[in-house]
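Work through the exercises below with the model open. Try each task before reading its solution.

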Amino acid sequence: MSVVLLAHGGGGRLMADLIREVFLPRLESPELARADDSALFTPPPGRLAFTTDAFVVDPILFPGGDIGRLAVCGTVNDLAAGGAVPLYLSAAFVIEEGLPLEVLSTIVDSLAATAREAGVRVVAGDTKVVPHGKADQLFITTAGVGCVPEGVSVSGHHARPGDVVLCSGALGDHGMAIMVARENLGFVGHLESDVAPLNDLTAALHSLGPDLHVLRDPTRGGAAAALNEIAAQSGVAIQLHEEAVPIHAPVRVACELLGTDPLTVANEGKMLAVVAPEAADAALAAWRDHPLGREAAVIGEVLEGPAGRVQVRTAFGTTRILDRPLGEQLPRIC
Amino acid sequence: MCLAVPMQVKRVEGHDAVVEQAGAALNIRTDLLDEVAAGDYVLVHAGYAIQRVDEDEARETLALLRMFGIDTQTGQTTDATG
Amino acid sequence: MRLVDEFRDAEAVAGLREAIARRLSRPAKIMEVCGTHTMAIARAGVRQLLPPTVSLISGPGCPVCVTAQGEIDAFLALGECPGVVLASFGDMLRVPGSTGSLETLKARGTETRVVYSPMDAVRLAAASPEKEVVFFGIGFETTVPTVAAALLEACRLGLRNFSVLSAHKRVPPALAALATDPELAVDGFLLPGHVSVILGLEPYRFLAEQHQIPCAIAGFEVTDILEGILHLVTQIADGRAALANQYPRVVRPEGNPTARALMERVFTPTDAVWRGIGPIAASGLALRPEFAPWDARQKFALDWDRFANVPEPPACRCGDILKGIASPHDCPLFGRGCTPARPIGPCMVSSEGTCAAYYRYQIG
């Protein structure tokens, strides 16, 4: 089995071969094929959105996706959550020597396919190889540029009392799939990451114009972290209705077994939206019409205060504070 | 102090078993139970079945709960039993 | 979820709530002994369902919380032995000993592994014959049989690179210590359902019979907890003390004798220090001498006496909080020097610890 060697990152013939054989044919990008030091492009009119994200997921191949797909979705979804239409990506690979070329090819295939799915082009790239033990198989950093359509203005600061909180689908799929795969917890099937590009889903809300206030993708820290950020940025309180939050049954079971609150678990294919109350029905309908939003739901509302507080209303009429989680989620027995 | 979830036994082989609940399947050990059969519900803690769930007892507890639920609607009194 | 969701019925909750309110004529303090009850109570907002006369206080029932600092220090010290992999339940990762935690040790390069089942640690040892896998045995009687079974499996497989550092604790001796403490001001005990799955009813009878403390063993769903509280307020209102079993679907009078037999084959009671509480006679479990090759204390010749005398953090009021004498708000460290991100005392350490629950859910 051929593996990546330190020499593949040495700037010589092996590196040229790696780029020519593994990256270029898969990424189908005229900008990359030109092999210049920078990609040149004319920006469309309007405001530009720009973001970057580093991906170090373990394992690099997981049920429902891989680090390549994740690297595209993470950046595309951050642009989408900024109200932007994503256009271009860069991708930098830090490869630990010894990574099988077959695995690298699979991941680049997946990255390329996901970019096509999202309608974005990888226009710049870089490859480095580090000695064994200096990285964990493969790290990918992507950056992305998008343009914000006229009339769209979303920000974590825009939530107002009376607004409605929507979620585009079931929460917790990605984080539980990763935890179960990484810790080898003995689960069999049924837990798959939701990793998906959400720019088409968020674009479906652009017609709401000024009634679309906040978009946020609840990644690390889950919905708990995302909603706490929004509540703090906007100086409002947010109330969730526990029963209304969609959670797939196997994820709920895994969370009960491992002592995890699904609201604190990462998602990579879900979006939260805060919209004006009069636009809630239209937003929900638009999402439910989309293949990635079939399980969309209204999950809560924005309250006056106390500023920065997120609370969950239970089926029993009681409430509890939903704090952001402390750190990485670990399986617990008690 | 201890998280445990009832799950249904699907297969048993020696002290290894596969259990399932609401679409989540898990490999567990059955060393702590003398007899386990497919179809049983067991309480799972730290990867081990620690007890069989007695479904008759569960039904009795639920019947009592239903009485409490009905009471809320009719305003009658129910005594705690046991 | 079958056999779970049925016990979260909102109408039954409303009915139980009314029944509790009707039952009680005088204020009552109920201790939920078990930390998983503490978390379930906070998650469902059970306090908001109770009349103001009923107050819930959280007892010592979190095995992570009560693991002594010295026991953690001993486990971390084993990480310095060559080839050792420290395997532990995830609960223990952030718990500070007197110098650091497993998390900080891991960050500095010690090989650690978080496992969900003790059997995962045995599998790890089987798959890595060049490593020495040491499993940190924490937990009460619910968990101890799983560790005993895993250790016996390691023996059966002839694995010589697997050992257990036992910091296990027994619940009944702690309840006995609480029941005889003259400072304890509690009108009833909500007893731990999953410990009782193993132990059955017998080990608790002395609480009602000798100490006249009303007791109810309860499950962990919201209706289980409310029904358990209803049993207690009924006894309190009637002025009697009995042992009620609200959780008969898994708690049999005789418990789980097979699990107990495994536990007793591998472990024997020993004196132990409870973090924040101090020493309690016969409240710990040590491996029996015939399992010395799998006993990390013997195998690595740990100076156990040294670790047994590690002092508790000064100013920490966890001891009083665990006994139900003080509330987290009575502690000068609560929310200031001691937070979930930088816990000092045991009650802040576990997410189900009394202080962590108070901090997270802003109780009181």
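**Exercise 1.** Which residue stands opposite A:Leu212 in β11(A)?

Solution. A:Leu212 faces A:Val275. The model is predicted: local features need pLDDT of at least 70, side-chain atom pairs count only at pLDDT 80 or more, and totals for chains, interfaces and linings use all residues. Residues are numbered from 1 along each chain as its sequence is written, with chains lettered from A and ligands numbered from 1 in the order in which they are written.

Next, take the strands themselves. β9(A) and β11(A) (residues 272-275) run antiparallel, joined by four bridges. Strands are DSSP runs of E, at least two residues, and helices are runs of H or I, at least four, numbered from the N terminus.

**Exercise 2.** Place these strands in their sheet.

Solution. The order in chain A is β9-β11-β7-β12-β10-β13-β14, an open sheet of seven strands with mixed pairing. Pairing requires at least two DSSP bridges between two strands. β9 (212-216) and β14 (319-321) of chain A are the edges, each pairing on one side only. Neighbouring strands are turned by 25° against each other on average, direction ignored.

**Exercise 3.** Which side of the contact between chains B and C takes 49 residues, and which takes 35 residues?

Solution. Chain C takes 49 residues and chain B 35 residues. Contact means that C-beta atoms, placed from the backbone, lie within 7 Å. On the side of chain C that touches chain B, α1(C) gives the most, with eight residues. Other elements giving two or more residues to that side include α2 (35-44) and α12 (257-266) of chain C.

Conventions. Axes are lines fitted to C-alpha atoms, for helices over the stretch in contact, and angles run from 0 to 180 degrees between N-to-C directions. Two residues are in contact if their C-beta atoms, placed from the backbone, lie within 7 Å.
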